[in-house]
Each structure stands twice: as structure tokens, then as C-alpha cells.
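Hi everyone, thanks for making time. I'd like to walk you through one model today, starting with the ligand and then moving on to a pocket. Let me put it up on the screen.

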Amino acid sequence: MNTEASRTLINPRSSSTRTVSIAGTGCYAPERVMTNADLERLVDTSDEWIYTRTGIRQRHIAAQDEATSDMAAEAARRAMKEAGIEADDIDMIVVATCTPDMFFPSTACFVQKQIGASRAFCMDLSAACSGFLYAMEVGQQFISTASADTVLVIGAEKMSSVLDWRDRSTCVLFGDGAGAAVLQSRGAEYGIMTTVLGSNGNLSDLLSIPGGGSRNPLTAESLEEGMNTLRMAGREVFKHAVTSMSNAVLEALRRCGASIDDVDCIIPHQANARIIQAIGQRVGAPIEKFYLNVDRFGNTSAASIIMALDEAVRNGRIKNNDLVLLVVFGGGFTWAASLVEW
Ligand code: UT7
């Protein structure tokens, strides 16, 4: 046995924690666009109702043979290009999704195969619409403790595959898409500064896909009852979303000694423009501080925030050194807020 004196080991976790930056982002939306007028032909609804209640004008819908991992891989390729990395640089892939290709293998493994990231280890993360920020926090922890150098974090959903297209109270709200971010330590002073995470399993019944798992396996009866599709108590979810996201925003600011006026851009989960307005009132931020694209994509669940972030970066709304606040809410319930120096 080695005596302590004769050992010369390197402890990869011993150095001070590393700051983690978002080195590049990318997103992908399927080609097919479904407008509110298209939905008027499917269910008893109107463009006027959908737009005034939600701010949604249209959403993108994946092709029948297009799975979540296909969209995720395309977003990943764009993020890798933006970050200037190759597939071989990736140590870890985390995919946040509630519409995986299959129960297993993980969607992250399918992405690995498609992009050829053979060195990476891969896993999915389930936190519904909040998944992307949960996954980003997992990636950031691996990098800051030197367990990984380059992490690909993806939010991707094929929500159209879990909707009841006869239920007007849910089918008008969601869309498909994917977004990806490459995380690395690039020596920034701040990078991802903090991520506030929260959950409340007591309220799980208010937003769920109850069938298909071990609680209610898929049978002819459960399919007949539509248990394989999304259920939501919209008004209740709305109230909790406003409260939890507002509190998470304030907690993230408090942790970093920042005020809302220090923030250059807020990227909220894109579920409903009215939820975003209500958060603005609670946290004291004018609506202009928020980036919105819910009108064009609807609620893409775990993909929503990273698709919006990518778009805001590409169109110049977010610039170097800007302070960016990301905030999400979803089934579980789950919520999260991150403060990031760009
Ligand atoms: O991503 C996870 C988080 N999800 C969310 O944050 C979604 C949160 N919830 C919401 O965004 C809103 O609650 C909804 C947009 C889902 C609904 O808006 P609302 O203002 O809460 O409407 P409501 O559910 O209270 O429904 C009002 C009325 C009802 O009719 P009655 O009972 O007043 O006669 C509904 O039947 O609107 C009716 N309605 C519709 N009418 C036309 C519900 N869906 C539709 C529809 N078209 N698509």
C-alpha cells in the first residue's frame, strides 16, 4: 500500500470551482406551420380566443416520421457550429424532454448516434416544461467540479404526439421544436451565476400525461380514455406558474445581489403571454424587458426557453456582457430561474 508521502495524485475536484459559460446555442423548428385558422377547422375555437387568451398565432408541428431526437440532433449541430466544437469534444449529453423517442434507450443516446459524439455519456432528464434549466444546472455542476469539460444540453419536444386533438383546451397551446446549448468553462468572470430550482409534487395532478407508465400502462381501455394524452387544469396552472416563476426570479436576483434593473433581458417559458405580463408586474419589469416568441411557436415545453434564447442571441436582442434571466415552469410542478452573464 502507498504511504501518504509517496503518493502523487491529481484530484480533479480539488481546484476551486470553474465558472461555466454558454459557448453556443442552436434551435430547430419543424417545417410545417399550423395556424389558429387551421385549428378552427379541427375544434370549436377561434383565432380571436386563442390569441387574446394566450398570445399564440401559430405553432410548428413535426412530420409523422420526425422524432424528438431528430429535432434535437439538428438543434445540436447548429449549437456545436456556433460554439466552434466538434462531436468528439462532447463529454456529456443531457436531453430534457417529456416526449422521448421511447421509454429507453434515452433520447440523448439517439442524439449521440446521430451527431457521432462517441466519447459522450448520455441521459435524459424529466422535469416537463422546466427541463431545460434543470438540465443546464446538471451540466453546469459537472463542469464546475471538473467531471466534464464540454456538455451538450438540449430541450426537445414533439408535443403534437401527446395531444388530444379533440380537446380545444389543450391542443391549441402546444408546438414542437428543439433547442441546444454547449456548456464549457471559458474563463468568464461570471457565466451561469446561479440557478434556483423548485418542485411541488403535491400538485402533480394538475398537469400530466397520466397513461403509458407503470401507474396506468397502455391498454385498450386506457387508450380509449385518452390517458396517453396531456391533461391540464389551465386556470390553476396559470396561477401557480405566475407565483412560482415570480418568486424564482426574485430569489435568483437576491442570490447574486442584483436588482431587476440590472437585468438586460428576461427569457421566460413561452406558455402564455398573459402569464409573462403578470410576472412582469410582480417583479417590477416592463414587458419590453421580456423576449417573447410564443406567438410563432406556442408552448414547446422543454424546448421553449432555449429556442427563445437562441433566437434572442441571433437577432441581437442579447449582446456580450448582458445580464440575462431565464425562468421556467412546468408539470410536477417544477420551476427554475437562472441568472447568466452573456
Ligand atoms: O407549460 C406548462 C405551463 N402551462 C401553462 O402555463 C398554461 C397555463 N394556463 C393557461 O395558459 C390558461 O389557463 C389557458 C390558456 C389554458 C386557458 O385560459 P383561461 O383564461 O384560463 O380560460 P379557461 O380555461 O378558464 O376557459 C374559459 C372559457 C371556458 O368556457 P366557459 O366555461 O367560460 O364557457 C372554456 O371552455 O374558454 C373556453 N375555452 C375555449 N374557447 C375557445 C377553452 N379553450 C378554448 C378554446 N377556444 N381553445
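**Around the ligand**

Okay, so let's start at His269: an N or O atom in the side chain of His269 sits 2.9 Å from an oxygen atom of the ligand. Do keep in mind that this is a predicted model. Arg53 does something along those lines too, with a side-chain N or O atom 2.8 Å from a ligand oxygen. And then there's Trp49, where a polar side-chain atom lies 3.2 Å from an oxygen atom of the ligand.

How much of the ligand does the protein cover? On its own the ligand has 960 Å² of accessible area, and the protein covers 76% of that. Four elements give two or more residues to the shell: helix H2 (47-54), helix H6 (168-171), helix H8 (234-255) and helix H9 (273-283). H8 gives the most, with four residues.

In total there are 23 residues around the ligand, and the ones that come nearest are Thr45, Arg53, Arg235, Asn272 and Asn299. By type, the shell splits into 11 nonpolar, seven polar and five charged residues.

Right, on to the second largest pocket. Its volume is about 270 Å³. Of the 16 residues lining this pocket, Ile22, Ala23, Gly24, Asn320 and Trp342 lie nearest its centre. Which element supplies the largest share of that lining? That's E1, with five residues. Strand E1 (21-28), helix H11 (304-314) and strand E13 (334-341) each supply at least two. The lining divides into six nonpolar, six polar and four charged residues.

That's it from me, thanks!

Definitions and conventions. Residues numbered from 1 in each chain as written. Predicted model: local features only at pLDDT ≥ 70, side-chain atom pairs only at ≥ 80, totals over all residues. Heavy atoms only, no water. Near = heavy atom within 4 Å. Polar contact = N/O pair within 3.5 Å; in protein donor to acceptor, adjacent residues only side chain to side chain. Areas by Shrake-Rupley, 256 points an atom, 1.4 Å probe, with all protein chains shown as cover. Nonpolar A, V, L, I, M, F, W, Y, C, P; charged D, E, K, R; others polar. 1 Å grid on protein atoms, 1.4 Å probe; cavity = no way out; pocket = protein on both sides within 12 Å on 5 of 7 lines; lining within 4 Å. Points joined across faces, edges and corners; volume = space filled by probe spheres on them.
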